[in-house]
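Colleague: I am new to this structure and should like to understand the reasoning behind the terms applied to it. May I put some questions to you as we look at it together?

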Amino acid sequence: MAELANLASRPNRAEVARRPFIRRETLIALLFVLPGLALAILFKLVPLLRGIWLSFLETRGFEDPTFAGLANYRTMLSDPSVHDSFRNALIAFATLPVWIILPLVLAFLLFQKTPGWKFFRAAFFLPYIIAPIVVGIMFRQILAPDGPLNAVLRAIGLAPLAIEWLNGPTSALLALTAVALWSFFGLGVLTYLSGLSTVSEEVVEAAKLDGARFWQLLVYIIMPLLKSVIGYWAVLCTSGILIWMFPLIYALTKGGPGTATVLPEFLVFTTTFQFLDRGLGAAIGMALFVFVALVSAFVVRRMYIEGSQRK
Amino acid sequence: MTRPASSQKAIVSSMRIMLTRWIVTGILVILAVVTLYPLIFTVINSMKTRAAYSADPLGFFTDLTFDNYIETFQRMQVPRLLLNSLITTAGGLVLSTVAALFIAYAVTKLKMRGGNYIFLFIIAMLVIPSQVIIYPLYETILDLGFGGTYQGLILAYAAFGLPLGTYLLSAYFRAIPDELIEAARLDGAGDIRILFSILLPISTPAIAALSILNFVWMWNDLLLPLVIMGGSDKKTLMVGVALLSGQYDVSIPLISAGLIIALAPVIVVYMLFQRQILSGAIAGAVR
Amino acid sequence: MKPTPFATGKRSRSVRTMLAGLAFASMTAFAGQAAQAQDVTTIRVLNWEPGGADYWKALVAEFEKLNPTIKVELETVPFDRYPEVQGPYITTKSGPDVMENNAGLELFDRRRAYEELPPEVLEAGKDLITYSGGCLNFDTTKPCYGLPFGYQGNVMYYNKKVLAEAGLDAANPPKTWDEMGAACEKVKAVGKTCLAIGLSGVFPAYWNFPEIARNYLTEDDMRAMLAGKMPWTDPKMVNILKGLASITQAGWTNSSAPSITMLPDGADIFQSGNAAFAGTIISDAANWAAFGKILGDENLGAMRWPTIVADAPLAGSFSGIESSVFGVSSWSEKKEAGFAFVKFIAGKENAALLSSIAGGISLNKNVDPSILPKSEALTQILEIIKKPTLHAGVLLSGQEADALARGWQEVSLGRLSIEDWTGRMQKALEQSPSKRQ
């Protein structure tokens, strides 16, 4: 290892002597970004490129693949379950406002030092640290037709609401989204609370004296102050929602009933591993990549503006 | 004349405040029950016998038993799996944080040409859904000879944790005035020293927040360890749980015991560092 | 502006730190490869632990005792996660020396990853009731890739207590579809589920489909299915779908059926004593043992699925299949040791372990039946398996198995017609890489 280090440092020492400063700076900067760059290239970019290449191949089970041009993409476009999966993904993304608003409201309630707020804060965060696969297996029992959820609904006189949650096409997808939200809203509450701690209480008190109601306070005073925090949380939710839901689908519904809870990620997974059609799986994966890139383009743009070098 | 009316108004409004308080507290209590109940339900199930669970899945206290835990311990080699989870999570955590620190420093504090593009490239990796590249990723790891090794999983964890870390730390470093660094440079400090003895202490909150996010997902992740470690003796605790629930002859109480064993370390960490995690750490994510 | 020596020193230190960080991986890479003792060959065996952990511990110990120069390193993966681990191994041609796969199409699909078994290994197959599931197209004259050890197939279990409660004769469970319908009415009248079932996952394809298929298909039809030459639009295949649909449409099942899996959820309904019948399998899972333990051996019975077409040629047969087979990977550098392990898997020492520890039913003819645990349901099972036929479930491709389960879920929820289900099955067949003509 030491030899390697010398090899790398010796020639540039000579170079530095000839042309000072800029070269040295650049070299150091390069060395600083190298480990991260290597990680990103080796374990993200290279697999992505291999995935793109794979999507142009016809793979018969485990036989050697042959070049197939756009055949996989044509198959994909004509497959109704692919359409269903993207429709489901859109529905999942449509719940994003709830993901963003609900934790904010709760954080604001806790921020006003409601009695026992420390306990609530600790309780709300707990689900986040539970592994998704564990959450999925747990909720399989809880959402069962005769499980605790329906038992409670019947006990409080809401028997008509005690439906077979995972049987209905809409209720299954919404139940899955709700379970994912159950897992993650606590992180949002905590994130917002941190943001709120920078808001001075005087501002809130002054607004209260002016007769501002809770919602007015939230919308006109708090939300503008927390713009960057809301943005950060939106980043986490947008980039995470599909990834978070996958293990839940796996443990809870396997995409059923029918294709009601199949998300594109799950389809990539079944096509590749269960159907052994790796080429088609890669093609669906590329469609998902484009879809996610479009949805989260604004997120990346935001992150870029925030973190990049100002000219 | 006006007096009683205004005091009445005051009473009404104070009653309204009281009522609102109660409603708010009521809602929060219900939510807390909703968040805690599934865990309690699982703990109770894990202490039921198979017969007791079958007879009354919802019941609270039947004959409690620790047999499920004993059997799970026997089936799962818990200490070894725990060690594996610790090594890989710690490795991934440290490596991704260090790599992110270096990049964030280079793109924000070194006047690097193309630094913005590198930053964009790294954070753009965030939008590659893991499922899309999972198969070629495994192939790549196997091609590199890292299949079934600690370092294979650690490197993969580090790569997947990198975009968010780079983003958080860059945004954090950006807020630190350049003058601080110039001053240190005039004092003769090198880049490594500037990064580790000046920027690192300042950004502890950001690193803490990042570490919590990374610890939770790395510890809980199933897909990466499953395929990189396969079924070797280096598999993680989560894979062990999946292995347990994938067997044919298990019951829900037994699976529940496995789930609780897998959860326990994270819960313990949470209990121990609750104050820091809840009040301080996530604060690092937002400035 | 010349750099001061001081700055140079700093820089080269930072250079070294950087490289050290990069080299972290490659350094640790060597640490893991401590050399084994020279005279011992270690083989890695990829498996999902059929029969349970205790059985596999004993199996490895016995093998190593008989083959002192070979050490076995088990790589155990959850059954439902197996393809995710095995797939990349096969495409990168790396990994284990010995692998497990289900007999039938699953193995045939992966045959390029397996070494053809040489005649001296196949010799061990002669002691087995059957080993054709390890050979191409179920034909032992064609290349064989793996040898089996256990016997697998579907039966229907019943809870005698529930039958008695419903006023049925527990000694004479239903034999035909009509009798089953009548029995279910009585079971429902006492507020219980008749047939516990879960339609999610692969279970409908492997555990339910073959039992209906026996009413309409001949063995030749099944071979045509395997070759992709039996379209789903064929009236026989449509009848199978209709038969499956009738189970849920007649209300025999638990209402959660479309969204749960048979294991563990469906089986749990039966185990809790809330259902009269459950269609599962005979071994590996050792279901008769698991059910018997919890319901009481005296309350558990096993029967052939009721027949829809009583005079169909295979209606009274048992859909039997080698449970899983073990073969040697084509890239292995320790093929001889691997072959020794495969031979051992099929041998009578392993058969004895399977029966005595896992309670499994061995394929080996030389195993002493008296070492099997005593159970009434097991006695019934041993009677049922005497008339075996092909297992139609393992002839389905991944696409077909998936479309079958999803279609059935939607049919039972009243959202899909049999015609549309048929169309989806046909499309799944056409998209199956392994069945493409």
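Colleague: Where in chain A is A:Pro257 placed?

Modeller: In this predicted model, A:Pro257 sits in the loop between α12 (227-252) and α13 (264-274) of chain A. The peptide bond that leads from A:Gly256 to A:Pro257 is cis, and its omega is near -5°.

Colleague: A:Lys254 is found in that loop between α12 and α13 of chain A as well. What makes A:Lys254 count as buried?

Modeller: A residue is buried if 20 or more other C-beta atoms lie within 10 Å of its own. A:Lys254 has 23 C-beta neighbours inside 10 Å, and therefore counts as buried. Its phi is near 50°, a positive value in a residue other than glycine.

Colleague: Why is C:Asn137 called partly exposed?

Modeller: The term lies between two cut-offs: 20 or more neighbours for buried, and 12 or fewer for exposed. C:Asn137 has 14 other C-beta atoms within 10 Å, so it is partly exposed. C:Asn137 belongs to the loop between α5 (119-122) and β4 (147-148) of chain C. Although C:Asn137 is not a glycine, its phi is positive, at about 55°.

Colleague: How do you know whether C:Glu100 is buried or exposed?

Modeller: The count of other C-beta atoms within 10 Å of C:Glu100 is 24. The cut-off for a buried residue is 20 or more, so C:Glu100 is buried. This residue lies in strand β3 (residues 98-101) of chain C. Beyond its neighbours within four places in sequence, C:Glu100 is in contact with C:Leu46, C:Asn47, C:Trp48, C:Ser324 and C:Phe326.

Colleague: What makes C:Ala275 count as buried?

Modeller: C:Ala275 has 26 C-beta neighbours inside 10 Å; set against the cut-off of 20 or more, that count makes it buried. Its place is in strand β7 (residues 275-281) of chain C. Not counting residues up to four places away in sequence, C:Ala275 touches several residues, including C:Lys192, C:Ala196, C:Asn254 and C:Phe270. C:Ala275 and C:Ala196 are 79 residues apart in sequence, while their C-alpha atoms are 5.9 Å apart in space.

Colleague: What is the picture for chain C as a whole, in helices and strands?

Modeller: Chain C has 17 helices and eleven strands. Of its 437 residues, 60% are buried. Among the contacts in chain C with a separation of 6 or more, 80% are between residues 24 or more positions apart.

Colleague: Why are α8(C) and α16(C) called roughly perpendicular?

Modeller: Helix α8 (residues 203-213) and helix α16 (residues 398-412) of chain C pack at an angle of about 80°, and their axes are 8 Å apart. Angles of 65 to 115 degrees count as roughly perpendicular, and α8(C) and α16(C) are therefore described in that way. C:Pro204, C:Ala205 and C:Phe209 of α8(C) make the contact with C:Ala401, C:Leu404, C:Ala405 and C:Trp408 of α16(C). By class, these residues are seven nonpolar, no polar and no charged.

Colleague: What angle do α7 and α10 of chain B make, and why does it earn them the term roughly antiparallel?

Modeller: Helix α7 (residues 150-174) and helix α10 (residues 204-220) of chain B pack at about 160°, with axes 10 Å apart. Angles over 145 degrees count as roughly antiparallel, and α7(B) and α10(B) therefore fall under that term. Their crossing is right-handed. Among the residues making this contact are B:Gly161 and B:Leu168 of α7(B), and B:Ala209 and B:Leu213 of α10(B). The contact has ten nonpolar, three polar and no charged residues.

Colleague: Which spans of chain B does UniProt list as "transmembrane region"?

Modeller: The unreviewed UniProt entry lists residues 21-44, 81-105, 117-138, 150-173, 194-219 and 252-273 of chain B. In the model, residues 150-173 of chain B are 100% helix, and the end C-alpha atoms are 31 Å apart. Residues 252-273 of chain B are 95% helix and 0% strand.

Colleague: How many residues does each of chains A and B bring to their contact?

Modeller: Chain B supplies 76 residues and chain A supplies 76 residues. On the side of chain B that touches chain A, 57 residues are nonpolar, 14 polar and five charged.

Notes
Residues numbered from 1 in each chain as written. Chains lettered and ligands numbered in written order. Predicted model: local features only at pLDDT ≥ 70, side-chain atom pairs only at ≥ 80, totals over all residues. Contact = placed C-beta atoms within 7 Å. Nonpolar A, V, L, I, M, F, W, Y, C, P; charged D, E, K, R; others polar. Axes fitted to C-alpha atoms, helices over the stretch in contact; angles between N-to-C directions. Helix = DSSP H or I, 4+ residues; strand = E, 2+ residues; numbered from the N terminus. Parallel < 35°, antiparallel > 145°, perpendicular 65-115°, else oblique. Left-handed = near helix turned anticlockwise from the far one by under 90°. UniProt positions renumbered as here; feature names shortened; annotations may be inferred.
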